[in-house]
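Colleague: I am new to reading protein models, and I would love some help with this one. Could we go through it together?

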Amino acid sequence: MEKFTVLTGIAAPLMVPNIDTDRIIRIERCAGIPRERQGEYLLEMMCLNADGSENRDFILNKPSFREAKILIAAENFGCGSSRENAVWALMGWGLRCVIAPSFGDIFFGNCFQNGMLPIRLSSATVERLAAGIEADARDAVLTVDLEQQRIVTAKGEEITFEVEPLRRRMLLEGLDEIGLTLEHEAEIAAFQRRDRTARPWLYA
């Protein structure tokens, strides 16, 4: 898994509450499309008009935000069904961090499993960040420092955030749950050797 340490990039404000995983990527896109191409279908119900043409008013279609690496979202982002493809689509598009007041629980966990950092901040702070960027796109560049657990805005303001220590370590070191388990490979092998002696019938 790709490590997450310090990320500096454009932040795009998408202040629509309750964006669920089906809106992030439609269910019919989840089968038959390789993981590395799912970013092409990110938020297509918002990105495209009914006739399939590009919706030029959508934030990620605007020239200033096409290279965004950070998404600023409203409350309950990623709610709905348990769909890891939602994280794949966001990352496939180029996003590595989502900042919101709250997240769907399963989506929140899936972020950490795939190298994406979800940050919870107060509604007032998220709204202030989004409003500043909407007022002046030159303020869109943020630096997210996971080691220091702080966000630095284009104007130099520092905003602290909290991440559960184990999840923070997993992102910093690029470990998913399998990688974390394999850190104990020697102990696992030693247990299996002992257990083969104690209960050989299990290993027939």
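Modeller: Happily; what follows is a short round of questions and answers about this predicted model.

Colleague: How many helices and strands are there in the chain?

Modeller: Let's begin with the whole chain, which has 204 residues. Its C-alpha atoms fill a box of roughly 70 × 40 × 25 Å along the principal axes. Within the chain there are 8 helices and 7 strands.

Colleague: Which strands stand at the edges of the sheet?

Modeller: Good one to trace by eye! The open sheet has 7 strands with mixed pairing, in the order β4-β3-β2-β1-β5-β6-β7. A strand at the edge has a single partner, so one of its sides is left without a neighbour in the sheet. Those edge strands are β4 (117–120) and β7 (158–160).

Colleague: Which residue in β2 is the bridge partner of Pro13?

Modeller: Pro13 falls within strand β1, which covers residues 6–14. β1 runs parallel to β2, and 4 bridges join the two. Follow the bridge from Pro13 across to β2 and you arrive at Ile72.

Colleague: Which elements help to cover the buried residues of α3?

Modeller: Helix α3 spans residues 85–93, and its buried residues are Asn85, Ala86, Val87, Ala89 and Leu90. An α-helix has 3.6 residues a turn, so residues three or four places apart point the same way. You can look for that pattern in Ala86, Ala89 and Leu90, which are buried. The cover over the buried residues of α3 includes α1 (21–24), β2 (70–73) and α4 (105–113).

Colleague: What is the phi of the residue that follows α3?

Modeller: Step just past the end of the helix and you meet Gly94. The phi of Gly94 is positive, near 125 degrees.

Colleague: Is Ala204 buried or exposed?

Modeller: Ala204 lies in the segment after α8 (185–198). From Ala89, Ala204 is 115 residues away in sequence and 44 Å away in space, C-alpha to C-alpha. The relative accessible area of Ala204 is 98%, and the cut-off for exposed is over 50%. Therefore Ala204 counts as exposed.

Colleague: How far apart are the mean positions of the positive and negative charges?

Modeller: For this one we look at the chain as a whole, with its 24 positive and 31 negative charges. Take the mean position of each group, and the distance between the two is 3 Å.

Key
Residues numbered from 1 in each chain as written. Predicted model: local features only at pLDDT ≥ 70, side-chain atom pairs only at ≥ 80, totals over all residues. Heavy atoms only, no water. Buried < 20%, exposed > 50% of the residue type's maximum accessible area, 1.4 Å probe, protein only. Contact = heavy atoms within 4.5 Å. Pairing = 2+ DSSP bridges. Lys, Arg positive; Asp, Glu negative; His and termini not counted. Charge placed at Lys NZ, Arg CZ, Asp CG, Glu CD.
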